[in-house]
Amino acid sequence: MAWTLVTGGAKGLGADLCHTLAKEGYSIAVHYNRSEKEALEVVKHCQAFGVEAVAIQGDFSSLDSLLDFTGRYVKQFPDTRHLINNVGNYLIKSAVLTEVDEWMALFQTNLHTPFVLIKELLPSLTNLKGQIINIGICGLETHQARTYSTAYSMTKAGLLMLTRSLAKELAPQGVRVNMISPGHLSTSINLPEACKLPMGRPATCWEVSRVAAFLLHPDSAYLTGQNIEVAGGVGLS
């Protein structure tokens, strides 16, 4: 059985990604850290579509705990075809106001963790000709100075570069690597007033998850290295 690992799959966008892909017939490994109850609810929801779904706990806050997770994961799910790097912490602070430990922690979860997961799962992803989808943020292409969330924006910019570099490197092996970059989601913690958004509303998680399903579909087999924004015009210059 081939699995799709969704990190941060217990809540919000991660949960919707699990639900949407399960409905499409994918077997889902639901990663969570502290939200066990919510993860088990996601598992139950996914299983209702007739697919296999299992929750697995993992702490990504340090290299040691991350490697502990990957070791356990590979043993339990040796055949992983797809990896969706959804987990990511958010920090609203300028660079000057960001503490060093906050800076390091954000890069650990948002950039180093996807890299390590890809490295550890690559043998299986290559063997099964799978796909990696990284979750970014809209507006990365414009290189705007985001003083309200400097570290967070830098982690996502780094993830975009990793996406494109790996897409080119892994294309000969049949592994595709893409990014989906939402704008403001209905679940966002700093959601502006609807009247300030170009389309008058935020995106739903389902609208983002549908793009993931599109990318994973065999008909999209020639798409790699792409950054697809689901932002309704947010972030356009």
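In the predicted model, Lys-129 is exposed, because its relative accessible area of 52% lies over the 50% cut-off. This residue is placed in the loop between α4 and β5, the latter formed by residues 131-135. Its backbone adopts a positive phi of about 50 degrees, although Lys-129 is not a glycine. Most residues other than glycine have a negative phi. Along the chain, Lys-129 comes just after α4.

Helix α4 itself comprises residues 100-127. With 28 residues at 1.5 Å a residue, α4 should span 40 Å, and the distance between its end C-alpha atoms is 40 Å, so the expected and computed values agree. The helix nevertheless contains a kink of about 60 degrees, located at Leu-121. This kink falls shortly before a proline, Pro-123.

Two helices that pack against α4 were examined, beginning with α5. Helix α5 covers residues 150-170. The axes of α4 and α5 are 8 Å apart and form an angle of about 15 degrees. The two helices are therefore roughly parallel, since the angle is under 35 degrees. The crossing of α4 past α5 is right-handed. On the α4 side, the residues in contact include Trp-103, Phe-107, Asn-110, Pro-114, Phe-115 and Leu-122. Among their counterparts in α5 are Ala-151, Tyr-152, Met-154, Gly-158, Leu-162 and Leu-170.

The other partner is α3, a helix of residues 63-76. Here the packing angle with α4 is about 35 degrees, and the axes are 11 Å apart. The crossing of α3 and α4 is also right-handed. Leu-63, Leu-66, Leu-67, Phe-69, Thr-70, Tyr-73 and Val-74 represent α3 in this contact, and they meet Gln-108, Thr-113, Val-116, Leu-117, Glu-120 and Leu-121 of α4. Leu-121, the site of the kink, thus belongs to the α4 residues that meet α3.

Within α5, Thr-150 was considered individually. This residue lies in the helix of residues 150-170. Thr-150 counts as buried because its relative accessibility of 18% is under the 20% cut-off. Not counting residues up to four places away in sequence, Thr-150 touches Lys-93, Ser-94 and Ala-95. Thr-80 is separated from Thr-150 by 70 residues in sequence, and the C-alpha atoms of the pair are 34 Å apart in space.

A further buried residue is found in a loop. Ser-35 is located between β2, which comprises residues 27-32, and α2, which comprises residues 36-47. The relative accessible area of Ser-35 is 15%, under the 20% cut-off, and the residue is therefore classed as buried. When its neighbours within four places in sequence are left aside, Ser-35 is in contact with Ala-10 and Lys-11.

Helix α1 extends over residues 12-23. Its twelve residues should span 16 Å at 1.5 Å a residue, and its end C-alpha atoms are 17 Å apart, so expectation and model agree. Ten of the twelve residues are buried, which means that α1 is largely enclosed by the rest of the structure. The buried residues of α1 include Leu-13, Asp-16, Cys-18, His-19 and Ala-22. Following α1, Gly-25 has a positive phi near 100 degrees.

Methods:
Residues numbered from 1 in each chain as written. Predicted model: local features only at pLDDT ≥ 70, side-chain atom pairs only at ≥ 80, totals over all residues. Heavy atoms only, no water. Helix = DSSP H or I, 4+ residues; strand = E, 2+ residues; numbered from the N terminus. Buried < 20%, exposed > 50% of the residue type's maximum accessible area, 1.4 Å probe, protein only. Contact = heavy atoms within 4.5 Å. Expected span 1.5 Å × (residues − 1). Bend = angle between axes of the 7 residues up to and from the residue. Axes fitted to C-alpha atoms, helices over the stretch in contact; angles between N-to-C directions. Parallel < 35°, antiparallel > 145°, perpendicular 65-115°, else oblique. Left-handed = near helix turned anticlockwise from the far one by under 90°.
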